[in-house]
Amino acid sequence: MKAMLLKRLCNLEECARPLELAEVPEPVPGENDILIEISACGVCHTELDEIEGRTPPPHLPVVLGHQVVGRVARAGRGAERFRVGDRVGVAWIFSACGTCVHCLSGNENLCVDFKATGRDAGGGYAEYMTVREDFAHRIPEIFSDVDAAPLLCAGAIGYRALRLVNLEDGRSLGLTGFGASAHLVLMMAKRRYPGSKVFVFSRSPEERAFALELGAAWAGDIGERSPEPLAAIIDTTPAWRPVVEALGNLAPGGRLVINAIRKEEKDKEHLLRLDYPAHLWMEKEIKSVANVARRDVREFLDLAADMRIKPEIEEFLLEDANRALIELKMRKIRGAKVLTIPPR
Ligand SMILES: [Zn+2]
Ligand SMILES: [Zn+2]
């Protein structure tokens, strides 16, 4: 089969073609696995973190990609959940142990044996992949394959972040950064908490205008004071300054949830501006979001179908994955980037 392989880690400012198109053996489904014929795979910022080594794959070469949509091509021994031809998706959660305290409490995203799709196991930048049938998700009918792909990461993680802020309807929510995940969170928040106002902080005037279009009550720059103290804030930026600024905008007892797998190092000195009375006192909390559980993916897909969410998509051929990644690195973004793979 055709696959785009990551053979060595590199800095994307220095290498324009981090992945190599290769012919590799089609994976064989093991016990309880399904083989998926892939039709679409979303391109995520986390792929940049993998390529540049902030969350490096344990083995190389590897096939990246964790927003995979396709059809069941074959079932391994014991796999009975799907029929050949059924449409399924695979998200960042590839597997977890199923027996530890975190798995048993539904927080399998915290499992020490958590394996990520397209990092710890082969992902969707290829014609086929295998996954345990329990870790595949049915895709609601109303979505096309390409529209469903970006929902599997940005949407599902945004959904988990929104669960973790523990907002009460009527209290105000802030969003710091307004990319793929945050714009879906804004739509979900307006649906789930109709009495709450949403305040958006972004460096980019285009993102601020987009936030207002989608129904934000206010949009300002990262360093601006919010017009009112906020009960909860979700940060989706790769930087540190927005964390400090967000803490200054939290109401007493407020919670900041950081929705990022890794933060970049370049503006870390901003943390030295952290002022205990202004930023942390009054029982303010900071919590991170780690990975996703299957429950987040499935609940989000249902909610997205119910809300008829239509993501903005920019399509690329599988062979053009390098161009999609470099554009993402350069922040040349017009909606979610999705690789498409024609039927075999
Ligand atoms: Zn992702
Ligand atoms: Zn576990």
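Which residues coordinate the zinc ion (ligand 1)? In this predicted model, the job is shared by Cys44 through SG, His66 through NE2 and Cys153 through SG, at 2.0 to 2.2 Å. Along the chain, these donors follow the spacing C-x21-H-x86-C. Histidine 66 lies in the loop between strand S4 (62-63) and strand S5 (68-75), while cysteine 153 lies in the loop between helix H3 (145-148) and helix H4 (154-165), so this pair ties together parts that are 87 residues apart in sequence.

Are these two buried or exposed? Histidine 66 has 0% relative accessibility, and because buried means under 20%, it counts as buried. Cysteine 153 is buried too, at 6%.

Now for the rings. The structure holds four aromatic pairs, and here are two of them:

| Pair | Centre distance | Plane angle | Type |
|---|---|---|---|
| Phenylalanine 178 and phenylalanine 210 | 6.0 Å | 70° | edge-to-face |
| Phenylalanine 201 and tryptophan 218 | 5.2 Å | 65° | edge-to-face |

Phenylalanine 178 sits in the loop between strand S11 (173-176) and helix H5 (180-192), and phenylalanine 210 sits in helix H6, 32 residues apart. Phenylalanine 178 is buried at 3% relative accessibility, whereas phenylalanine 210 is partly exposed at 29%.

The other pair links strand S12, home of phenylalanine 201, with strand S13, home of tryptophan 218, 17 residues apart. Both phenylalanine 201 and tryptophan 218 are buried. Ring pairs also bring in Phe199, making a cluster with Phe201 and Trp218.

Charges get in on the act as well. Arginine 294 has its charged end over the ring of phenylalanine 135, 3.8 Å from the centre. Lysine 263 lies over the face of tryptophan 240, 5.9 Å from the ring centre.

Note on methods: Residues are numbered from 1 along each chain as its sequence is written. Chains are lettered from A and ligands numbered from 1 in the order in which they are written. This is a predicted model: local features need pLDDT of at least 70, side-chain atom pairs count only at pLDDT 80 or more; totals for chains, interfaces and linings use all residues. Side-chain values use heavy atoms; hydrogens and water are left out. Donors are N, O and S atoms within 2.8 Å of the metal (3.2 Å for Na, K and Ca); water is not among the atoms, so sites may look incomplete. Helices (H or I, at least four residues) and strands (E, at least two) are DSSP runs, numbered from the N terminus. Buried means under 20% relative accessible area, exposed over 50%, partly exposed in between (1.4 Å probe, protein chains only). Rings of Phe, Tyr and Trp (its six-membered ring) pair if their centres lie within 6.5 Å; planes under 30 degrees apart count as stacked, over 60 as edge-to-face and the rest as tilted. A charge sits over a ring if NZ of Lys or CZ of Arg is within 6 Å of the ring centre and within 35 degrees of the ring normal.
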